[in-house]
Amino acid sequence: ADEYYGPGRPTSLRHANGFVRLIHQQEIHAVVHEYDWDAALPPSTNRTLVDVGGHNGVVIGAIRSRRPDLTCVCLDLPEVVALVTRAANDGTTAPLPEGVSFAGGDVLDPRTIPACDAVLLKHVLDRSMWTEEESVRLLRSCRAALKENGIVVVAETVLPDAGDGEDEDDGGIGRRRRDMQLVMDV
């Protein structure tokens, strides 16, 4: 999806997307298993979670497999949704996750974000994609789509500076997990 995000910044986006692909599996575990989705969205009927920029729906599909009570929507640009859907349908990629619907929209336009109880932003607020003003606009757009008492869950990887000396015995993993939890709870 590099060609669809951030016109005029293809080099930085290629690096950012490459990094995201590298750490994707570890983050899925943190987002799906370490974050307390039951506290954030107490089990009930009629709760909707929207994964903004969710691409192929893998993350929200993993959440849905743990929380089948949720209505899960993967929101991405219409061109991305078309590519992902076509690739899954023709067998080029894995099938789309069960129980996840896909919607094409523009996160900067709240009218295109389905009404929901929670928005998941995983690697969406990366500064290689948005200016500070665009990030604020994006968050306001997400807020406008939320139902009363809705939440925005931000999942970004926070890596320690090289050689900071903390948690060297575990390669800094403990610190990264704590940092990610703090970011997600904001």
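**View A. Pairing of strand 1 with strand 2 in the predicted model.** Six bridges join strand 1 and strand 2, and the two run in the parallel sense. One of the bridged pairs links Val52 to Leu75, the latter in strand 2. Between these strands the chain passes through helix 3, giving a β-α-β crossover that is right-handed. Of the six residues in strand 1, five are buried, which leaves the strand mostly covered.

**View B. Pairing of strand 1 with strand 4.** Strand 1 spans residues 47–52 and strand 4 spans residues 116–122; four bridges connect them, again with parallel pairing. Asp51 has Leu120 of strand 4 as its bridge partner.

**View C. Helices packed on the sheet.** Helix 3, residues 58–66, packs on the sheet and touches strand 1, strand 2 (70–76), strand 3 and strand 4. The direction of helix 3 makes about 180° with that of strand 2. Helix 4, residues 78–89, also packs on the sheet, where its contacts are with strand 2 and strand 3. The angle between the directions of helix 4 and strand 3 is about 140°.

**View D. Strand order and edges of the open sheet.** The sheet has five strands in the order 3-2-1-4-5, with parallel pairing. Strand 3 (100–104) and strand 5 (146–155) each have a single partner strand, so one side of each is left without a neighbour in the sheet. On average, neighbouring strands of this sheet are turned by 25° against each other, direction ignored.

How values were computed
Residues are numbered from 1 along each chain as its sequence is written. This is a predicted model: local features need pLDDT of at least 70, side-chain atom pairs count only at pLDDT 80 or more; totals for chains, interfaces and linings use all residues. Side-chain values use heavy atoms; hydrogens and water are left out. Two strands pair if DSSP finds at least two bridges between them. Axes are lines fitted to C-alpha atoms, for helices over the stretch in contact, and angles run from 0 to 180 degrees between N-to-C directions. Contact means heavy atoms within 4.5 Å. Buried means under 20% relative accessible area, exposed over 50%, partly exposed in between (1.4 Å probe, protein chains only). A crossover is right-handed if, with the strands pointing away from the viewer, the path from the first strand over the helix to the second runs clockwise.
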